[in-house]
Amino acid sequence: MSIFQPSNQIKLTNVSVVRLKKGGKRFEVACYKNKIIEWRKNIETDIDEVLQIHSIFTNVSKGHIASKDELKKAFKTDDEEKIIHEILKKGQEQVSEKERAHQLDNMYRDIATIVTEKCINPETKRPYTVTLIEKAMGELHFSVHPNKNSKQQALDVIRQLQEKNIIPIARAQMRVRITLPGKDGKHVKEKLMAFVSSVEDEDWGDEYELICRIDPGHYRGISETLQTETKGRGQLEMLNLRETEEGDGRFA
């Protein structure tokens, strides 16, 4: 004997729910876990890979599907495809407290890892460990913002650590080689020096070669200057991703 189940009720388990309040009512879609972020970043473009079911609910956990009248009243359209896209774009993902805490813990460590990759102790020229950076973040009472990306927050951590002198910290320098036609060397060098932290070596001849250290944020500026001033005849080569004491360098 089959068990009767109302046609407007669908039971779903192990789903990630995205909820949007509209017109005084809540509307939800059932998604696969971890797919919403990928869809919002345009990593995943196939909506079928995001949704567990092509339906709009008033309550996913109870299996209540929204009626066409409810959708039209709230969204001024009954085009379910458009409504689903709006919910995915503007809605909020519902997660359990345990799951949210786990996500924040992972993000906290990601931020600390990015800081260690970008910075060194300027006194020793050596990189910090992730554990030490996490401890310094604790002294800052740094709180993770789940809606901001890890890189942005890592840059904020670096700024705060420098301002509050929690630990001696500086952005790691990048070691690069710049080459260009010798006849362009003098006037192009004058423009390049605005981006250079220190000169290690230079050689004049038919070709001008400069080996120097720069802040990683200046890499693009140097590249654009070379392109403009030498009409593409200059070259920029990264020798070390970051400059540290021997034994601790990471090479590109």
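Guide: Two strands count as a pair if DSSP finds at least two bridges between them. Keep that in mind for this predicted model.

Visitor: How many residues does the hairpin between β9 and β10 run through?
Guide: First, the two strands do pair: β9 and β10 are antiparallel, with six bridges. A hairpin links β9 to β10. The number of residues it passes through is three.

Visitor: Which residue in β10 stands opposite Val-199?
Guide: Strand β9 covers 196-203. Its partner β10 is joined to β9 by six bridges. Opposite Val-199, in β10, stands Cys-212.

Visitor: In what order do the four strands of the open sheet lie?
Guide: The pairing in this sheet is antiparallel. Its edge strands are β9 (196-203) and β11 (235-240), each pairing on one side only. On average, neighbouring strands are turned by 25° against each other, direction ignored. Read across, the order is β9-β10-β8-β11.

Visitor: What is the bridge partner of Arg-177 in β11?
Guide: Strand β8 spans residues 174-181. Five bridges tie β8 to β11, and the two run antiparallel. In β11, Arg-177 has as its bridge partner Glu-237.

Visitor: Which strands does helix α8 touch?
Guide: Helix α8 is made of residues 185-192 and packs on the sheet. Its direction makes about 150° with that of β8. The strands it touches are β8, β9 and β10.

Visitor: Which element gives the largest share of the lining of the largest pocket?
Guide: That pocket holds about 870 Å³ of space. The elements that give two or more residues to its lining are α1 (35-40), β5 (92-94) and α5 (97-118). The largest share is six residues, and it comes from α5.

Visitor: How many charged residues line the largest pocket?
Guide: The lining has 22 residues; those nearest the pocket centre are Ile-37, Glu-93, Gln-103, Pro-146 and Asn-147. By class, seven lining residues are nonpolar and eight are polar. The number of charged ones is seven.

Visitor: Which domains does the largest pocket lie between?
Guide: Look at which domains supply the lining. Both domain 1 (15-94) and domain 2 (97-170) give residues to it. The pocket therefore lies between domain 1 and domain 2.

Methods: Residues numbered from 1 in each chain as written. Predicted model: local features only at pLDDT ≥ 70, side-chain atom pairs only at ≥ 80, totals over all residues. Heavy atoms only, no water. 1 Å grid on protein atoms, 1.4 Å probe; cavity = no way out; pocket = protein on both sides within 12 Å on 5 of 7 lines; lining within 4 Å. Points joined across faces, edges and corners; volume = space filled by probe spheres on them. Nonpolar A, V, L, I, M, F, W, Y, C, P; charged D, E, K, R; others polar. Domains from an automatic or database assignment. Axes fitted to C-alpha atoms, helices over the stretch in contact; angles between N-to-C directions. Contact = heavy atoms within 4.5 Å.
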